[in-house]
Amino acid sequence: MSVLIIGASGFVGGELMNAFGRAAVGTYHRTATDGLQQLDITDPDAVEALVDRVQPTLIVHPAAQPNVERCETEPDESYAVNVVGTANVARAARRIGARFVYFSTDYLFDGTAGPYAPDAVPKPIQTYGRHKLEAEQAVRDLLDNHLIVRICGVYGYHPTGKNFIMGLIGRARRGEPMQVPADQWGTPTFVSSLAEAVRELAYSTHTGAVHPVGPDYLSRIAFAETAAELLGFDPGFLEPRTSEQLRQHAQRPLKGGVDNRSTQAMLTTRLASVREGLAIVRRQMDADATA
Ligand SMILES: NC(=O)c1ccc[n+]([C@@H]2O[C@H](COP(=O)([O-])OP(=O)(O)OC[C@H]3O[C@@H](n4cnc5c(N)ncnc54)[C@H](OP(=O)(O)O)[C@@H]3O)[C@@H](O)[C@H]2O)c1
């Protein structure tokens, strides 16, 4: 099977490149990366030309504008990348009969009743979630052979990455306070077990929505406090705040997150718990410090 990973220069896409190994060709958009090919998914001709060249049997598509605040203030950009860009890639997959794996989010849901099962009814409350839902619908309309991978709060050790845990490590080391929402709940997901699970699901015959997230359901502040403890930092720099106090542009689901149980039952890969994932982050962080 030949695999094309769109958005391989990103946090999740980079880990997918590791998981799929030599079977994969990857793309970047602005972050020029050795071994990856440049692609802007908002350009349908460029998408088609690349797909024609690579002739993948599987297209994995984590590329997005995933910045929730930016999507709220720049909705046209969000629409162009998240909706039109995804439809461009899905159309190219349909044309050559490739299986298609699209990355979506727990922000499809309003956060009144999380964690949500794959058949829960979406009700997004901000631009990012509305656009990711519209993209899901485009994928369903265009292709039968698709997987919609909904994820939440992905974390991992990634020296140049921007995920929540890397932000926490940076603040702890610099001795800076970190305001953390105490009323937003989710299902934190360790990036390496996510990538392994997605590889397994992509090579299976499952179709439709799957939730390969971590098994724990907890608030952002509880996750941050557990991370501080397991990574060896005094948690004094963590400052719990309500979402209202944080005055973000985009509304966040409060009881968000997605439920992994039906997806875990399809898999031999075990989705790491918060304590298991953070223990691996600790080993990687310590190894990096002594390198
Ligand atoms: N991380 C999370 O916690 C989380 C949670 C829920 C859902 N998700 C979803 O999971 C997916 C991966 O997220 P991530 O955290 O890995 O995001 P990320 O690190 O920001 O990566 C985004 C990727 O998309 C590429 N990209 C952006 N605009 C593009 C364009 N116009 N054409 C082609 N490629 C473009 C970027 O390329 P360059 O960097 O080279 O420009 C990058 O490779 C997204 O679909 C996101 O919505 C993530």
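This short talk describes a predicted protein model, from its overall form to one strand, the ligand shell and one serine.

Good morning. I shall start with the whole chain. The protein has 11 helices and 13 strands. Its C-alpha atoms fill a box of roughly 55 × 45 × 35 Å along the principal axes. How does the radius of gyration of the protein compare with that of a compact globule? For 291 residues, such a globule would have a value near 19 Å, and the protein has 18 Å, so the two agree. Of the 291 residues, 47% count as buried. Consider also the contacts between residues at least 6 apart in sequence: 78% of them join residues at least 24 apart.

Let us now turn to strand β5, which spans residues 99-105. Seven of its seven residues are buried, and the strand is thus described as mostly covered. Which residues point which way from β5? R99, V101, F103 and T105 point one way, while F100, Y102 and S104 point the other way. Residues on both sides are buried.

Strand β5 has partners. Strand β4, residues 58-61, runs parallel to β5 and is joined to it by four bridges. In this pairing, L58 stands opposite R99. Strand β6, residues 146-151, also runs parallel to β5, and here six bridges join the two. S104 of β5 stands opposite R150 of β6. Together with helix α5, residues 127-142, the strands β5 and β6 make a right-handed β-α-β unit.

Next, the ligand. There are 27 residues around it, and G10, V12, H29, T31 and A64 come nearest. The elements that give two or more residues to this shell are α1 (11-20), α4 (75-96) and β5, the strand we have just discussed. Which element gives the largest share? That is α1, with three residues. Sorted by class, the shell holds 14 nonpolar, 11 polar and two charged residues.

Finally, I should like to consider a single residue, S243. This serine is found in helix α9, residues 243-246. Why does S243 count as partly exposed? There are 17 other C-beta atoms within 10 Å of its own, whereas a buried residue would need 20 or more and an exposed one would have 12 or fewer. Leaving aside neighbours within four places in sequence, S243 is in contact with P181, D183, Q184, R252 and L254. As for P253, this residue is 10 residues from S243 in sequence and 9.7 Å away in space, C-alpha to C-alpha.

Thank you for your attention.

How values were computed: Residues are numbered from 1 along each chain as its sequence is written. This is a predicted model: local features need pLDDT of at least 70, side-chain atom pairs count only at pLDDT 80 or more; totals for chains, interfaces and linings use all residues. Two strands pair if DSSP finds at least two bridges between them. A crossover is right-handed if, with the strands pointing away from the viewer, the path from the first strand over the helix to the second runs clockwise. A residue is near a molecule or strand if its C-beta atom, placed from the backbone, lies within 6 Å of it. Ala, Val, Leu, Ile, Met, Phe, Trp, Tyr, Cys and Pro count as nonpolar, Asp, Glu, Lys and Arg as charged, and the others, Gly among them, as polar. Two residues are in contact if their C-beta atoms, placed from the backbone, lie within 7 Å. The radius of gyration is taken over C-alpha atoms; the globule rule is 2.2 Å times the number of residues to the power 0.38.
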